[in-house]
Amino acid sequence: MATTTTSSSAPAGSAAAPRARRARRGLPVARTPKLVTGVVIGALIVLLAVVGPFVVQDPSRVSDVGLAGPSGAHWLGTTQTGQDVLAQLAYATRGSLTVGAIVGVVALALSAFFGIVGAYAGGWLDEGFSLFTNVVLVIPGLPLVIVISSYVPNKSIWLVALVLSLTSWAGSARVLRGWTLSLRNRDYVAASRVAGEKRWRILLVEILPNLVPLLASQMVFAVIFAILGEAGLSFLGLGASGSFTWGTMLYFAQNGLALRLGAWWWFIPPGLLLALFGAALSLINFSIDEVVNPKLRQQTRGARKGWRMTRQQLARAEEETR
Amino acid sequence: MLFSSRPSRRAATVLAAAAATTLVLTSCGSGSSGGGGGGGGAAKGSITIFNGSTGTLTRNFNPFSPSLLQPTLGVIYEPLYYYNLATTSDPVPMLGTGYTWNADGTQLTITARQGAKWSDGQAFTAKDIAYTFDLIGKTPSINASGLKIVSSVATDDQTAVLTFSEPSYTSEAFILGNTPIIAQHQWEGLGDPAKTTNEDPVGTGPYKVKSFASTSYELTKNDQYWQSGKPEVTNLRYISLATADAASAALTAGQVDWMSSFLPGLEQLLGKQKDLTYVNTPALTASIFTCSSVALGCSGPQTDPAVRQAMYYAVDRAQLNKLAGGGFAATASPTMLLPDRDQQWIADPANTTVPQSPDAAKAEQLLDAAGWVKGSDGIRSKDGQRLSMTIQTVTGYSDFISLNDAMTQEMKAVGIELKPSQLSYNEYNNNQVQGTYQLSLDSIGLGPSSNPYYTYQPRYTTAATAKVGEAAQTSGNYARYSNPVVDQAIATAAATNDADVQKQQYATVQQQIIQDMPYVPIYVNSTLTEFNTSRATGWPTNDDKYAFPASWKSWDNGQVLLHLKLAD
Amino acid sequence: MRYLAWKIGFYVIALWAALTLNFFIPRWMPGDPVDILIAKLAQHGPVAPATRRSIEALLGTDSSQPLWQQYAQYLHNLATGNLGVSVTFFPSSVGQIIAQTLPWTIGLIGLATVISFVLGIGLGTAAGWKRGSWIDNLIPVTTMLQSVPYFWLALILLFVLGSTFSLFPLNGGYDVYGTTPGWNSGFIGSVAYYGALPALTIVLSSVGGWMLGMRNMMVSTLSEDYMVTAEAKGLRPLRIMRRYASRNAVLPSISGFAISLGFVVAGSIVTEAVFSYPGIGSALLQAVTSNDYALMQGIFLIITVSVLAANLLVDLLYTVIDPRTRARA
């Protein structure tokens, strides 16, 4: 937790404290334990995704050692058909993170465009974008995935990611639109307009920075949604079942009654990695919040409590200044 | 301002509460309320059955409807004869006690059972048999077997005569074993037989409907049943479960008495429970379907018979059984019949079973002789075409997916590349029907009787197939196989009732299909059925196959229920 | 007033666009419902060659009608409340299936969503208000729970609490043995007992999201100047929290909540698959796998209408609770 050392004197002094904690030049993020944990966990998982598939065995290789627990030959045991779980996990991590990355970027871009630009512009553009967003929001995602992927004989990760992003940006766009509508009537925006700033500049310089925490949290949600959505689709048997992702691993584990047969090494790791990755992203999200809104750092209630003077202090101050 | 005096958070709570109340008020108690639901499954004299229903149930006991509730056929309504597909045996008389064909197979005379009653107390007579077939003949939408009925009359209370427009020996099994006999006095007033849901069926079977809800329904003993003293079990409770995991949980918790699910690790699951047993009755031959005919529009290496033969020899069936079949699969036959049950129909004893271990040398020899040369990466090619084929299966079929994975490895050893793909059931089925596939994993199924006609005719005749891009007959000749010798042999077999003539014709058929191998058999899929013996005993066993034990099998389930005794 | 008319007008257009899409989507899916139905029949017993014709006659599927004629018929049917006949549950009507299954889904999932929202907002308010207190420590835990794949958590809980410890039932909506459906205490008690574990899993997996969003917004709101003013003026802390801070902070969450209410149906598919719950999600899954056009369209219609209604409500509500949106440049 961030502990700011504030004195009971003027708040200006407290600005010095976080500056001292800023680690190095060029690293704008304060090193809190939350951030460090998040980054470390996230980085480890990304490392597994990038490097893992090069160093593990062939995940598709069947063998006669079915449903065996962790051992020297198979560090995380085997599946029902004798495939190495650790190898599958490495490939699955890569697959899921790919889905997450694609969806995060595409969904964010789409929602930012349709949400913010439309709401800021107002008038027909706003109404048009809003209408389009509503229509997209209302299309049921599940059958859309089936329809689109049915045109491609082999459902791949890219296809699932694309369809997930096409069906997930609309909710975010609505939220962004709502906030932009609020923001564009704030004083500082009006002031900039009066001062004659170009509209796109106002959007970029005044409005967007205030939306950054919202955008960041939306992107985190989009990535988590993508990975969870892909897992849910795979569980129903509608995902990219020919590829390795956390979701398809869980699907096959579930079909093989892994949990019921006691094969925890097959069922637990994919779900656990998924949860850890999501938690890591959220921890990073908290820290981003604190950076972009400096007020979040010190203007906590606790800090303000520190300014409060007791009645005696007030009385003494009055006497002193008389 | 509406909310000026209230904080928005409370407003949100109020809104939420209002929404919740509205939602709750609009939801009434679900399902149609049936009769008393008390004294159900856990009580003595009652068993719980899971027959594979998932999701919500609708009250449809119409035996002619495609979306009927499965116990309708066999438990509520009965056929004329019962055909046991588990072993070779004569048909067992049920509502019919005798039948004879005329000389050219256009007239069938049936003797009705005396003393049987409908569940509402009225007597069963041959008039009901005649009415049933008359209705079927007049209503094409319920004539699923395509019976060419000209007339159906009851000459007296004991005899019914059916007249057909053409020789119909091959329809015998459909008529005698697969037609539910309905009550004239009930169905006369029911309106369109195809569209009714027949919510309160009147049948001759051992049970009748007691209550129904959208997740489960209950049947109770029919006191008018014509076999006295049977059935012993008084109440049946059918339930609906969504996944195999839910089914295995219910089984191990002792909540289900009879179900047929392929559960991985079955022996481990049942190991500690002394009340749970299972029986394995393999019946469907899992095979690689190939789109085999260039003339009908197929393309790819699988159109070369040498490739198909090579695949036949390259697979390691023992390993496949262990990894994919759970050790429960049985040995298949290149004749596509069941080696133990159909011994009498297999002409050449050498063709009884498929090889259990791979013969890589023979496979390689066949491919070499056909001109497939091994490339640098180990995969063969010929005239610029790589020996690489796509093989499709359905996403949910994990045992078939495991088959694909294992076969890919085994075939690589001889230079064949397989590219497995998993599709939704719609796409997969569509591809097979249209012929737009190279290889596909599927099973060849149960016919109405064990006569090989029902295996060969739909899968190997030209009449049952179509060009690639056109729809083949359902469950038909997806392999696009067209062989005039086979067509002739099957036509000759169909025109007669003489088993020896048929056997001769089938010998010709077998010779041809083993040579051409448009379907490459792997093994016979297990059919696992699990039982709980703490409430009822007398279930079918491997030594006593008095019926096909699967809980989803129509007609046979009635026989099983008649055989059960209450446990002490 | 003119603003209101504009809003409603646009929602009508959105509704029409969504309905048209709902008409086309099932038809773009490959496979013929008749073929699929027959293929499924074939898995359980012998199917004679003539079955195809007989089933076509049963369903009355006339794919020879031109598409625009089918579309016009579809719109007319919708207007008269005729949702058609289901192929999967033939000959039951779509309306019957929906009436049978929808209450279960709304009852369970809807209530669980509401509980999770209220709980999440409450906890998030407390967490944002008392930053640094023990409640703040709940955030990583609930966020981690939210990142857990729902069905994974549900399966584990079902296994532990249902099979290993037998605290909760394994499947179903109510006790089929001892209770009769109806407004009696036995049935209602049974429904509550059977719905407890699914509801628990839904609440556990989604409360984190509401909590996090609310907490972030609370923290942002608390840093506003008028908060300092309120404190300086000596208002009671609880009053500040309830009347000023949370009221402003909950705005994005309300929008999100309305959207999520609209997706109750679509999101129930996984829950019902895990717990064998007899709701509309499992009906949708069955419809999708059997190419049941009519049932799919019927369920899409429910989803469409509920999402649009929720959005319209939120839009109108926004103009009421946030006066800033009313003032347009």
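In this predicted model, helix α5 (residues 94–129) of chain C packs against helix α8 (residues 185–222) of chain C at an angle of about 35°, and their axes lie 6 Å apart. The crossing of α5(C) past α8(C) is right-handed. Sorted by class, the residues in the contact between α5(C) and α8(C) are 23 nonpolar, ten polar and one charged.

Chain A can be described at the level of the whole chain. Its secondary structure consists of 13 helices and zero strands, so that its elements, read from the N terminus, run α-α-α-α-α-α-α-α-α-α-α-α-α. Of the 322 residues in chain A, 50% are buried. Contacts in chain A between residues at least 6 apart in sequence include a share of 68% that join residues at least 24 apart.

In chain B, helix α9 (residues 360–370) shows how burial is distributed around a single helix. Its buried residues include B:Ala363, B:Leu366 and B:Leu367. These residues lie on the same side of α9(B) because they cover an arc of only 95° around the axis. B:Ala361 and B:Ala369, on the other side of α9(B), are exposed.

What do the buried residues of α9(B) pack against? Their partners are α7 (305–314) and β15 (380–382) of chain B. The buried side of α9(B), with B:Ala363, B:Leu366 and B:Leu367, is thus set against a helix and a strand of chain B. Just after α9(B) comes B:Gly371, which takes a positive phi of about 95°.

Key: Residues are numbered from 1 along each chain as its sequence is written. Chains are lettered from A and ligands numbered from 1 in the order in which they are written. This is a predicted model: local features need pLDDT of at least 70, side-chain atom pairs count only at pLDDT 80 or more; totals for chains, interfaces and linings use all residues. Axes are lines fitted to C-alpha atoms, for helices over the stretch in contact, and angles run from 0 to 180 degrees between N-to-C directions. Helices (H or I, at least four residues) and strands (E, at least two) are DSSP runs, numbered from the N terminus. A crossing is left-handed if the near helix is turned anticlockwise from the far one by less than a right angle, and right-handed if clockwise. Ala, Val, Leu, Ile, Met, Phe, Trp, Tyr, Cys and Pro count as nonpolar, Asp, Glu, Lys and Arg as charged, and the others, Gly among them, as polar. A residue is buried if 20 or more other C-beta atoms lie within 10 Å of its own, exposed if 12 or fewer, and partly exposed in between; C-beta atoms are placed from the backbone. Two residues are in contact if their C-beta atoms, placed from the backbone, lie within 7 Å. The arc is that of the directions from the helix axis to the C-beta atoms.
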